[in-house]
Amino acid sequence: MDILKCEHITKLYGRGEGQIYALNDISLSIEQGSFTAITGPSGSGKSTLLNMLSGLDRPTKGDIWFQEGKLSGYNDNQLSVLRRRRFGFVFQNYNLVKELTGWENVLLPVMLDGRKPDEAYLKRMVEALGIGNRMDHLPGAMSGGQQQRVSIARALANKPAILFADEPTGNLDGKSGREVLSLLRSLSRELGITLILVTHDLNVAEQAERVLQLEDGRIAMDRGVKSA
Ligand SMILES: Nc1ncnc2c1ncn2[C@@H]1O[C@H](COP(=O)(O)OP(=O)(O)OP(=O)(O)O)[C@@H](O)[C@H]1O
Ligand SMILES: [Mg+2]
């Protein structure tokens, strides 16, 4: 069953001479529970694609569906509720709130939704990510890799249907990167989380069931279990 689908999405930035197609006619569908890696050179549109698929930004043209719901039919408030309840997002630059501790950052999305966090789940996750002893610190007192792992814990806190992650191991050494990936894969199996990861990390791409390669805003290669 498909959980996410897009048809002919295009994203144009700028005007006139400076106009660029960050995405140019992308169509694909993603199987529920699957693990997709998105690769491609810098500037090829990877982050833009993740932003469109996750409803963070809207395409210039084309449509996106999460399950039966067409994202263009949602207003901004409905989109942010969908994102908060069903999606997790790991940003390329983490986007942690500087004034909040690690724990507060992780709890924030669940609290904003007026729900009680699953503390046992969160503790287990934070331990598995190897940041259990850093969670009372502010992001400014953490290494890049630690901030990255806090942002992964935050994205998983609501047990999302889909985890969108932009270079989630980009700031980690080989061993920590493998540990993070193995946590994501086991949570994906246990909770049925669909993984969509942008990555330059060959180890990550090798473990994915499907690899989509972008070039100049288009799909240059789609290797895997299922094509659009
Ligand atoms: N807000 C924006 N305004 C104008 N152009 C943008 C904007 N965001 C991205 N672009 C352009 O769109 C293209 C795709 O950018 P995108 O950030 O999606 O690339 P990427 O594949 O994620 O690259 P990287 O590997 O460096 O993160 C680039 O040419 C970029 O300069
Ligand atoms: Mg990017």
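This is a short talk on the strands, helices and ligand shell of one predicted model.

Hi everyone, thanks for coming. Please keep in mind throughout that we are looking at a predicted model.

Let me start with the antiparallel sheet. It is an open sheet of 4 strands in the order 2-1-4-5. Which strands stand at its edges? They are strand 2 and strand 5, residues 69-70. Each has a single partner strand, so one side of each is left without a neighbour in the sheet.

Now to strand 1, residues 2-13, and its partners. Strand 1 runs antiparallel to strand 2, and 8 bridges join the two. With strand 4, residues 61-66, strand 1 pairs in the antiparallel sense over 5 bridges. If you want one residue to anchor your view, take L4. Its bridge partner in strand 2 is I30, and its bridge partner in strand 4 is F66. A little further along, E7 stands opposite D63 of strand 4.

While we are here, have a look at the hairpin of strand 1 and strand 2. There are 6 residues between the strands, and G14 takes a positive phi near 80°.

Strand 2 also brings us to the ligand. Around ligand 1 there are 13 residues, and those that come nearest are Y13, A22, S42, S47 and T48. Two elements give two or more residues to this shell, namely strand 2, residues 20-31, and helix 1, residues 46-53. Which of them gives the most? That is helix 1, with 3 residues. What about the make-up of the shell by class? You will find 9 polar residues, 3 nonpolar and 1 charged.

Next, strand 3, residues 35-39. Here 5 of the 5 residues are buried, so the strand is largely enclosed by the rest of the structure. You can see this face by face: F35, A37 and T39 are buried on one side, and T36 and I38 are buried on the other.

As for its pairing, strand 3 joins strand 8, residues 194-198, in the parallel sense over 4 bridges. There, F35 has L195 as its bridge partner in strand 8. Strand 3 also pairs with strand 9, residues 210-215, again in the parallel sense and over 4 bridges. On that side, A37 stands opposite V211 of strand 9.

Let me move to strand 6, residues 87-90. F87 and F89 point one way from the strand, G88 and V90 point the other way, and all are buried. Its pairing with strand 7, residues 162-166, is parallel and has 4 bridges. For a landmark in that pair, G88 stands opposite L163 of strand 7.

If you follow the chain on from strand 6, there is a loop between strand 6 and helix 3, and Y94 lies in it. Y94 is worth a pause in your viewer. Its phi is positive, about 70°, although Y94 is not a glycine. Is Y94 buried or exposed? It counts as buried, because it has 20 C-beta neighbours inside 10 Å and the cut-off for buried is 20 or more.

There is another residue of this kind to show you. D216 also has a positive phi, near 50°, in a residue other than glycine. D216 lies in the loop between strand 9 and strand 10, residues 218-224. With 15 other C-beta atoms within 10 Å, D216 is partly exposed.

Now for the helices. Helix 3, residues 102-112, and helix 5, residues 144-156, have axes that come within 7 Å and cross at roughly 25°. The two helices are therefore roughly parallel to each other, since angles under 35 degrees count that way. The crossing is right-handed.

My last stop is helix 6, residues 174-191, where we find L183. L183 is buried, with 20 other C-beta atoms within 10 Å. Which distance would I point out here? The C-alpha atoms of L183 and A128 are separated by 6.9 Å, and these residues are 55 residues apart along the chain.

If you open the model afterwards, here are some places to begin. Try L4, with I30 as its bridge partner in strand 2 and F66 in strand 4. Then go to strand 3, with F35, A37 and T39 buried on one side and T36 and I38 on the other. And do visit the shell around ligand 1, where helix 1 gives the most, with 3 residues. Thanks, everyone!

Methods. Residues numbered from 1 in each chain as written. Chains lettered and ligands numbered in written order. Predicted model: local features only at pLDDT ≥ 70, side-chain atom pairs only at ≥ 80, totals over all residues. Near = placed C-beta within 6 Å. Nonpolar A, V, L, I, M, F, W, Y, C, P; charged D, E, K, R; others polar. Buried ≥ 20, exposed ≤ 12 C-beta atoms within 10 Å, placed from the backbone. Pairing = 2+ DSSP bridges. Axes fitted to C-alpha atoms, helices over the stretch in contact; angles between N-to-C directions. Parallel < 35°, antiparallel > 145°, perpendicular 65-115°, else oblique. Left-handed = near helix turned anticlockwise from the far one by under 90°.
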